[in-house]
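This report introduces the model shown below. It takes up the protein surface beside the DNA, then the relation between the chains.

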2 protein chains.
Amino acid sequence: MSTTAQPKRNTWQREAVRAALAEARGFVSAQQLHQRLRDGGSTIGLATVYRGLAGLAESGEADSLQSPDGENLFRSCSTQGHHHHLICRSCGETRELEARVVEEWAQRVGAEHGFTDMEHVVDLFGICANCRASRGAAGA
Amino acid sequence: MSTTAQPKRNTWQREAVRAALAEARGFVSAQQLHQRLRDGGSTIGLATVYRGLAGLAESGEADSLQSPDGENLFRSCSTQGHHHHLICRSCGETRELEARVVEEWAQRVGAEHGFTDMEHVVDLFGICANCRASRGAAGA
DNA sequence: CCGTTTGTTGCGAACGATTCTCATGAGTAA
DNA sequence: TTACTCATGAGAATCGTTCGCAACAAACGG
Ligand SMILES: [Mn+2]
Ligand SMILES: [Mn+2]
Ligand SMILES: [Zn+2]
Ligand SMILES: [Zn+2]
């Protein structure tokens with residue numbers, strides 16, 4: 001590395017994004033968050049929300065994933081370090097997961113096939129107990 | 001269901017997409033496949049390739065996934081039933097994977113959290129031996 | 001073989017999420 | 001406060017994908 005990681009300035013915008021994300025119950029898109037901020041009276045710009053979320057994701061303060069229709073979703077992430085999520089398809093309720101087994105499996109499989117620089121996408125989706133209860137016999 | 005699934009017509013375009021996808025080694029994007037077809041002398045349109053791939057994916061003849069940068073990738077899928085993939089980020093080379101461990105983990109975790117109707121997304125990405133070799137000391 | 005019917009194609013326009021450009025604004029340190 | 005920079009915001013630009021629609025061509029009956 002040659003770049004000397006410049007210090008980030010403190011702006012109310014950065015903090016607003018962090019706060020708004022923390023208030024969100026589950027995963028939200030940049031656009032959703034921007035809308036909520038605007039609805040709350042903020043004058044923050046969309047690009048800034050994108051930049052803020054990218055920053056939070058990069059620093060590990062937020063977790064991100066791609067929704068099935070290609071949007072990037074973010075969530076304020078309490079758990080330190082790498083982990084995965086179990087998400088309710090209906091209400092967005094999210095549980096953070098540790099997956100030692102999966103991590104090891106991913107590494108091992110990669111190695112066995114001669115692959116390096118491994119990354120993996122592991123997300124679980126389902127219907128939470130709450131949603132199941134309130135939907136009952138509605139079923140497909 | 002009330003829609004009576006209209007019969008699909010046989011066109012050389014549809015077959016061309018199927019064939020091109022079969023020839024592709026790993027996952028390819030619609031644009032890549034379109035380019036290869038054009039390079040091969042075909043006059044097929046881009047939209048038609050998109051439509052063809054969507055059809056193959058829907059009928060289960062092809063597998064699809066989102067690349068980390070948001071592109072939809074497709075692959076002619078031989079393996080029957082549920083499975084996962086290890087994909088080279090550089091050349092698209094793909095290995096089909098069985099992941100008993102992961103399947104069990106996913107089921108168990110879902111159950112432990114009271115979730116039902118579990119689904120999961122599990123994809124591994126890396127750089128294959130070939131690509132690593134041919135890139136060598138090129139570095140970032 | 002011919003005409004009718006109607007799904008299919010291909011082109012460019014339209015879309016939508018994200019990124020980029022760049023003039024202006026505001027942290028920071030002196 | 002001043003000067004130096006990075007951050008911001010509005011809109012343009014990207015870019016993958018989908019739409020709209022007129023021309024086309026399978027499928028089918030005669
Ligand atoms: Mn993991
Ligand atoms: Mn699986
Ligand atoms: Zn739920
Ligand atoms: Zn490769």
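The model is predicted. Around DNA strand C there are 20 residues, and those that come nearest are Tyr50(A), Asn72(A), Arg9(B), Thr48(B) and Arg51(B). By class, the residues of this surface comprise 9 polar, 7 charged and 4 nonpolar ones. On the DNA side, sugar or phosphate accounts for 58% of the atoms of DNA strand C within 4 Å of the protein, and bases account for the rest.

Polar side-chain atoms of chain B approach both bases and phosphate. The table lists three such pairs, each between a side-chain N or O atom and an atom of DNA strand C.

| Residue | Atom of DNA strand C | Distance |
|---|---|---|
| Arg9(B) | base oxygen | 2.6 Å |
| Arg14(B) | phosphate oxygen | 3.2 Å |
| Arg51(B) | base nitrogen | 2.5 Å |

Three elements give two or more residues each to the surface near DNA strand C: α3 (46-59) of chain A, and α1 (12-23) and α3 (46-59) of chain B.

The two protein chains can be laid over each other. Chain B is superposed on chain A by a rotation of 180° with 0.0 Å of shift along the axis, at an RMSD of 1.6 Å. This is the relation of a two-fold axis. Within chain B, Val122(B) has the C-alpha nearest the axis, at 2.2 Å from it. Both copies use the same surface, since 100% of the contact residues of chain B recur in chain A.

Definitions and conventions. Residues are numbered from 1 along each chain as its sequence is written. Chains are lettered from A and ligands numbered from 1 in the order in which they are written. This is a predicted model: local features need pLDDT of at least 70, side-chain atom pairs count only at pLDDT 80 or more; totals for chains, interfaces and linings use all residues. Side-chain values use heavy atoms; hydrogens and water are left out. Copies are superposed by least squares on the C-alpha atoms of residues with pLDDT of at least 70 in both. Contact means heavy atoms within 4.5 Å. A residue is near a molecule or strand if one of its heavy atoms lies within 4 Å of it. A polar contact is a pair of N or O atoms within 3.5 Å; within protein, one must be able to donate a hydrogen and the other to accept it, and residues adjacent in sequence count only if both atoms are side-chain atoms. Helices (H or I, at least four residues) and strands (E, at least two) are DSSP runs, numbered from the N terminus. Ala, Val, Leu, Ile, Met, Phe, Trp, Tyr, Cys and Pro count as nonpolar, Asp, Glu, Lys and Arg as charged, and the others, Gly among them, as polar.
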